[in-house]
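Okay, thanks for coming, everyone. Let me put the structure up on the screen and then walk you through it.

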Amino acid sequence: MLLLGRPIVLILEKNIKEELARTKVVPKLATILVGNNPSSETYVRMKVKACARVGIDSISYHLNTETTQEELLELIRKLNHDQEVDGILLQHPIPSHLDERDAFNKIHIDKDVDGVTTTGFGNMALGMDANPSCTPAAIMKLLKHYKIQVEGKHAVVIGRSPILGKPMASLLLNANATVTICHSYTEGLEQIVSTADIVIAAVGKPNFVKGSWIKEGAVVIDAGYNGGNVGDVDFESCLEKASAITPVPGGVGPITIATLLYQTVLSASKRKKENSN
Ligand code: NAP
């Protein structure tokens, strides 16, 4: 079975439009892009376009590569205090002379619609109310939509980044999967992957996961997105073994964007409710 993102995007966008009609709120997302990474520019452009499509306002800040930490933090502070802004997206990665973790953590928790703050991560990991990081949240929505059993299953997550692998493992654990996290120091990766009922590839290496590693009938989720629209999974060989698999493009990516929009709308509704109390 091909696990397409589109049906989930349509449901999320319908829910968003209904919520906007119900609350009469026009949410506002502030996007911050630092430097000239072409992929990041494309991602931000796609997110801004998606906002417009569903009726979310957005305001974009494009800072130059030489931006200092203090200048970046000053912008985040300003947006934290701006009553018009419901969500702040700092596009990852930012230039290496900047401290990304410090910048993420300066985003007010109520405006952390991309699930990047340490506090948000902690709350999510403990199963408390929080916006999870958007890609892992998108993958959970995909698994749910296609009725893929997670509970009791062995999920192997390849990658342990703060925005993808680690939150992914926590969300799967909270959904009662038995989770193994693999990374660049893992010994016997292929053998571990071959025991997985669900494989999540979040490696950042094109066509990395091979069909020969996959257990017959396993579910293969490709979170990767590399140059030339290539995922982290060798699609053709994995397709032969998997009972279900996400394509790249058209799998996890579009749901990630719709999740960001959805979390922005929830943040706006919550802020409106709190302000009216
Ligand atoms: P990242 O920060 O570079 O992390 C990559 C992870 O893969 C690291 O934990 C690394 O291990 C691990 N790794 C690298 N080589 C490995 C190997 N040979 N064996 C096992 N593990 C290995 O990347 P990321 O930001 O998590 O992104 C991962 C992928 O997801 C990329 O393709 C990215 O483009 C994609 N992505 C997609 C979306 C979307 O919306 N679809 C959003 C974000 C990212 P160490 O920790 O040991 O270094």
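**A walk through the model**

Helix 3, residues 69-81, lies across strand 1, strand 2 and strand 3, running at about 180° to strand 1. Before I go on, bear in mind that this is a predicted model. Helix 2, residues 38-54, lies across those three strands too, and its angle to strand 1 is about 170°.

So what do the strands under those helices look like? The three strands make an open sheet, in the order 2-1-3, with parallel pairing. The edges are strand 2, at 57-63, and strand 3, at 87-90, and each of them pairs on one side only. On average, neighbouring strands here are turned by 15° against each other, if you ignore direction. For strand 1, residues 28-34, and strand 3, there are four bridges between them, running parallel. If you want one pair to click on, take Thr 31, whose bridge partner in strand 3 is Leu 89.

Okay, over to strand 4. What sits on each side of strand 4, and is it buried or exposed? On one face you've got His 154, Val 156 and Ile 158, on the other Ala 155 and Val 157, and all of these are buried. That makes five of five residues buried for this strand. As a reminder, side chains in a regular strand alternate between the two faces of the sheet.

Strand 4 has partners as well. Five bridges tie it to strand 5, residues 178-182, in parallel. Within that pairing, Val 156 stands opposite Thr 180, and Val 157 stands opposite Ile 181. Strand 4 also pairs with strand 6, again parallel, over four bridges. There, Val 157 has Ile 200 as its bridge partner, so to speak. And if you follow the chain from strand 4 through helix 7 to strand 5, you trace a right-handed β-α-β unit.

Let me stop at helix 7 for a second, since Ala 169 lies in it. Why do we call Ala 169 buried? Because its relative accessibility is 6%, and the cut-off for buried is under 20%. Leaving out neighbours within four places in sequence, Ala 169 contacts Val 157, Val 179 and Ile 181. Ala 169 and Ile 200 are 31 residues apart in sequence, and their C-alpha atoms are 9.3 Å apart in space.

Next, the cores. In soluble globular proteins, nonpolar side chains tend to be buried together. The largest nonpolar core in this model has 31 residues, and the ones with the most contacts inside it are Leu 143, Leu 172 and Ile 221. Elements giving two or more residues include helix 1, helix 7, strand 4 and helix 10. Helix 6 supplies the largest share, five residues. Zoom in on Leu 172: not counting residues up to four places away in sequence, it touches Met 140, Leu 143, Val 150, Ala 155, Val 157, Ala 177, Val 179 and Ile 200. There's a second, separate core of 19 residues, and Val 34, Leu 72, Val 85 and Ile 94 are among them.

Now a polar residue that's tucked away. Thr 246 lies in the loop between strand 8 and helix 10. It counts as buried because its relative accessible area is 1%. What does its side chain reach? The backbone nitrogen of Asp 222, at 2.8 Å. Beyond four places in sequence, the contacts of Thr 246 include Leu 3, Leu 142, Phe 235 and Val 252.

Last bit: backbone oddities. Most residues other than glycine have a negative phi, and most peptide bonds are trans. Here are some exceptions. The peptide bond from His 92 to Pro 93 is cis, with omega near 0°, and Pro 93 is in the loop between strand 3 and helix 4. Val 248 and Pro 249 are joined by a cis bond too, omega about 0°. Pro 249 belongs to the loop between strand 8 and helix 10.

For positive phi, look at Lys 24, at about 55°, in the loop between helix 1 and strand 1. Lys 24 counts as exposed, with 68% relative accessibility. Asn 207 has a positive phi near 55° as well, and you'll find it in the loop between strand 6 and strand 7. Asn 207 is partly exposed, at 30% relative accessible area.

That's my tour, thanks.

Definitions and conventions
Residues numbered from 1 in each chain as written. Predicted model: local features only at pLDDT ≥ 70, side-chain atom pairs only at ≥ 80, totals over all residues. Heavy atoms only, no water. Pairing = 2+ DSSP bridges. Axes fitted to C-alpha atoms, helices over the stretch in contact; angles between N-to-C directions. Contact = heavy atoms within 4.5 Å. Core = buried A, V, L, I, M, F, W, Y, C linked by side-chain atoms within 4.5 Å. Buried < 20%, exposed > 50% of the residue type's maximum accessible area, 1.4 Å probe, protein only. Right-handed = clockwise from strand over helix to strand, strands pointing away. Polar contact = N/O pair within 3.5 Å; in protein donor to acceptor, adjacent residues only side chain to side chain.
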